[in-house]
Amino acid sequence: MRAFPLYPQRQTINLHGCWDFAWLEDASTPLTDLDLAHLNFNDFQAVPGVFDTDIKRYGKRGVGIYRKRIVFPSSGRLRLRVGGLGLAARFFCDGKEIGATELAFSTFAIDFTPAAPGPQHDLVIAVDNRFIPQASAIFSPYFDFYGYGGIFRSLSLEELPDTFIERAQITTLDRDTGAIQVRLRLGGQVPSLLTVTPSFDSGDALPALETQPVNGEVVFTLQTPNPRLWSPEQPCLHTLKLTIPGDAIVERFGLRTIETCGENILLNGKPVFLKGVCRHEAHPQLGPIQNEHLIASDLLLLKNLGANFIRCVHYPQDQAFLDMCDETGFLVWQESMGWNNPEKDALDPHFFQCQVDQTRLMVQNSVNHPSIILWGFLNECCSHTPGGRVLHQKLAETIRAEDPRFLVTYACSKTNFTPEGKPVDLCLDLVDVVAFNTYPGWIRQDCTWTDQSSPLIAPEVERIARLANTVPAAGKPAIMSEIGCCALYGCHDLAMAQWSEEHQADYMSEACRSIFAHPRFVGLSLWQFCDSRSYVNAAPGVRGKPRGFNCAGLVDEYRRPKLAYNAVKEAFQAQPASMKA
């Protein structure tokens with residue numbers, strides 16, 4: 001899928017399709033030490049695709065090596081664009097290593113000059129999905145979502161001119177008049193004086209601007225002709241094409257503002273109430289692979305539900321998905337990868353740097369999506385520890401350095417109080433919006449399978465509200481970022497036994513009622529939209545997952561609605577999105 005931004009003047013080839021494939025089921029040798037010579041490419045794999053859902057390698061861990069011979073006329077500097085993969089990879093062109101990554105799910109680019117002359121080149125990509133040795137510092141074996149191996153998203157190769165455009169970051173200065181600020185980032189041989197020619201919405205070129213780059217950037221203001229406001233009700237979008245000698249970029253943006261005012265979130269100056277779900281990129285056959293039909297059908301299910309908000313969990317999600325959220329008017333929380341990481345991870349310099357790098361990439365890649373209103377990181381991590389605070393603070397600073405306009409948050413599960421009545425969480429002062437995960441009557445040490453959980457929900461919502469009213473969370477907007485329980489599709493019990501659809505429907509209905517009725521909360525993202533693959537066999541002390549799935553979806557993995565879907569639909573459609581009732 002083609003996602004914005006576009007580079008219309010660059011020669012580009014799409015690398016999707018069938019690649020030669022070799023498999024190394026090596027349990028101990030690090031990816032950096034693997035000898036990739038003399039491989040037997042006796043199989044094939046699709047790009048985009050995953051290699052651990054096919055019949056030969058289902059659930060296996062190892063290194064999958066992709067090979068493709070390409071013909072590309074350009075003999076100069078090239079850029080390999082990678083939409084996302086898992087869990088780590090090394091990249092080779094004509095036998096020479098050109099790059100590597102362990103930032104699973106991140107979108108990134110590798111610039112290189114082919115070592116071999118001529119238009120024909122061999123690309124080889126070695127993708128590692130192992131946990132021993134750990135392929136990626138940021139992905140652990142018992143995350144509650146499956147660590148697939150493969151090249152998940154778009155892959156393309158393009159030529160780079162001597163002076164080229166990286167991105168154009170667009171900031172709404174005045175949503176009514178259409179005034180915008182443009183921050184144009186350049187690469188290659190940046191001249192001391194640059195001519196930039198803008199045009200809006202495929203219209204005629206406007207007068208050229210003569211600019212002087214500073215540290216590889218130019219900043220200027222423009223007026224959007226015939227400005228149209230972006231909102232969930234009317235998701236109007238504009239495009240801006242910027243042309244320089246030898247290169248051009250097309251960015252898409254929406255005129256809208258997002259800010260906080262006391263305990264409210266203001267979209268275009270008006271309070272908004274967020275009614276939504278947490279959504280994994282998940283499918284039982286495709287894994288994290290997304291296509292237009294799957295994305296559109298998911299968004300149609302959420303529109304029918306009455307949702308206006310999607311929390312993207314727990315990794316940066318596909319730019320093509322965000323493009324479609326822009327087009328259909330959803331509000332989005334985009335977050336970098338992290339899940340229940342302990343303080344020892346935060347204190348590890350390599351993990352720390354990987355977190356900073358992937359979070360910076362997330363913002364740089366997604367910065368112009370009007371659908372995104374929240375940046376998040378480190379779901380349910382060690383925010384109650386000194387080392388965790390250092391990392392949380394660094395990630396908040398990293399986001400604000402890239403984009404000071406949007407709101408920063410993280411999902412906190414450390415919701416207890418100290419004996420002195422203070423929050424045990426040490427990081428609530430770092431964010432613009434406080435967000436809390438809780439599972440009363442479901443994930444509890446004293447939970448039994450015969451508990452009726454509904455009477456537990458309202459008191460827990462009130463307890464979380466008291467936490468949100470305690471300094472330093474007091475006075476900030478508060479969201480319930482996760483609450484929910486599981487049900488097995490087709491499991492029915494009139495007594496509402498746990499794992500039945502009846503129990504889940506009752507639970508979700510009560511969660512919506514309690515949160516919507518409480519004046520402290522301005523948003524909810526239920527856990528979760530669809531059932532999704534999790535770890536298959538639990539570690540010691542970790543509760544197992546039936547079928548190896550997290551079954552808390554309002555719909556199952558094939559998008560078949562459970563009873564909870566209609567229960568939530570009734571609650572969502574009765575709750576206004578413009579303000580609290």
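A charge is said to sit over a ring if NZ of Lys or CZ of Arg is within 6 Å of the ring centre and within 35 degrees of the ring normal. Keep that in mind for the opening stop. The model on screen is predicted.

**Stop 1: Tyr146**

Select Tyr146 and Arg61. The charged end of Arg61 sits over the Tyr146 ring, 5.0 Å from the ring centre. Now add Arg533 to the selection. Arg533 lies over the face of Tyr146 too, at 5.7 Å from the centre of the ring.

**Stop 2: aromatic rings**

A pair of aromatic rings is described by the distance of the centres and the angle of the planes. This structure holds 20 aromatic pairs. Select Phe21 and Phe51. Their ring centres are 5.8 Å apart and their planes stand at 40 degrees, so the pair is tilted. Phe21 belongs to strand 2 (residues 17-24), while Phe51 is in the loop between strand 4 (49-50) and strand 5 (63-71). The two residues are 30 apart, and the pair links distant parts of the chain. Are Phe21 and Phe51 buried or exposed? Both Phe21 and Phe51 are buried.

Next, select Phe143 and Trp339. This aromatic pair is also tilted, with 5.9 Å from centre to centre and 55 degrees between the planes. Phe143 is in the loop between strand 11 (120-128) and strand 12 (150-151), and Trp339 is in the loop between strand 26 (331-335) and helix 3 (343-346), so the pair ties together parts that are 196 residues apart in sequence. Phe143 and Trp339 are both buried.

Keep those two selected and add Phe105, Phe131, Phe139, Phe145, Phe152 and Tyr315. Together with Phe143 and Trp339, these residues form one aromatic cluster.

**Stop 3: helix 1 and helix 2**

Select residues 292-305, which are helix 1, and residues 319-328, which are helix 2. How do their axes cross? The axes come within 10 Å and cross at roughly 40 degrees. That angle makes helix 1 oblique to helix 2. The crossing of helix 1 and helix 2 is right-handed. To see where they meet, show the side chains of Glu292, Ile295, Ala296, Leu299 and Lys303 in helix 1, then Ala320, Phe321, Met324, Cys325 and Thr328 in helix 2.

**Stop 4: helix 8 and its partners**

Keep helix 1 on screen and add helix 8, residues 563-574. Helix 1 and helix 8 pack at about 55 degrees, with their axes 8 Å apart. Helix 1 and helix 8 are therefore oblique to each other. Leu301, Asn304 and Leu305 of helix 1 make the contact with Tyr565, Val568, Lys569, Phe572 and Gln573 of helix 8.

Now hide helix 1 and show helix 7, residues 501-517. Helix 7 and helix 8 pack at an angle of about 20 degrees, and their axes are 8 Å apart. Angles under 35 degrees count as roughly parallel, and helix 7 and helix 8 are therefore roughly parallel to each other. Helix 7 passes helix 8 in a right-handed crossing. Residues of helix 7 that meet helix 8 include Met508, Ser509, Cys512 and Phe516. On the helix 8 side, Ala564, Ala567, Val568 and Phe572 are among those in the contact.

**Stop 5: Asp357**

Finally, select Asp357, which is found in helix 4 (residues 349-366). Asp357 is partly exposed, with a relative accessible area of 29%. Add Ser336: the two residues are 21 apart in sequence and 9.9 Å apart in space, C-alpha to C-alpha.

Terms used: Residues are numbered from 1 along each chain as its sequence is written. This is a predicted model: local features need pLDDT of at least 70, side-chain atom pairs count only at pLDDT 80 or more; totals for chains, interfaces and linings use all residues. Side-chain values use heavy atoms; hydrogens and water are left out. Rings of Phe, Tyr and Trp (its six-membered ring) pair if their centres lie within 6.5 Å; planes under 30 degrees apart count as stacked, over 60 as edge-to-face and the rest as tilted. Helices (H or I, at least four residues) and strands (E, at least two) are DSSP runs, numbered from the N terminus. Buried means under 20% relative accessible area, exposed over 50%, partly exposed in between (1.4 Å probe, protein chains only). Axes are lines fitted to C-alpha atoms, for helices over the stretch in contact, and angles run from 0 to 180 degrees between N-to-C directions. Angles under 35 degrees count as roughly parallel, over 145 as roughly antiparallel, 65 to 115 as roughly perpendicular and the rest as oblique. A crossing is left-handed if the near helix is turned anticlockwise from the far one by less than a right angle, and right-handed if clockwise. Contact means heavy atoms within 4.5 Å.
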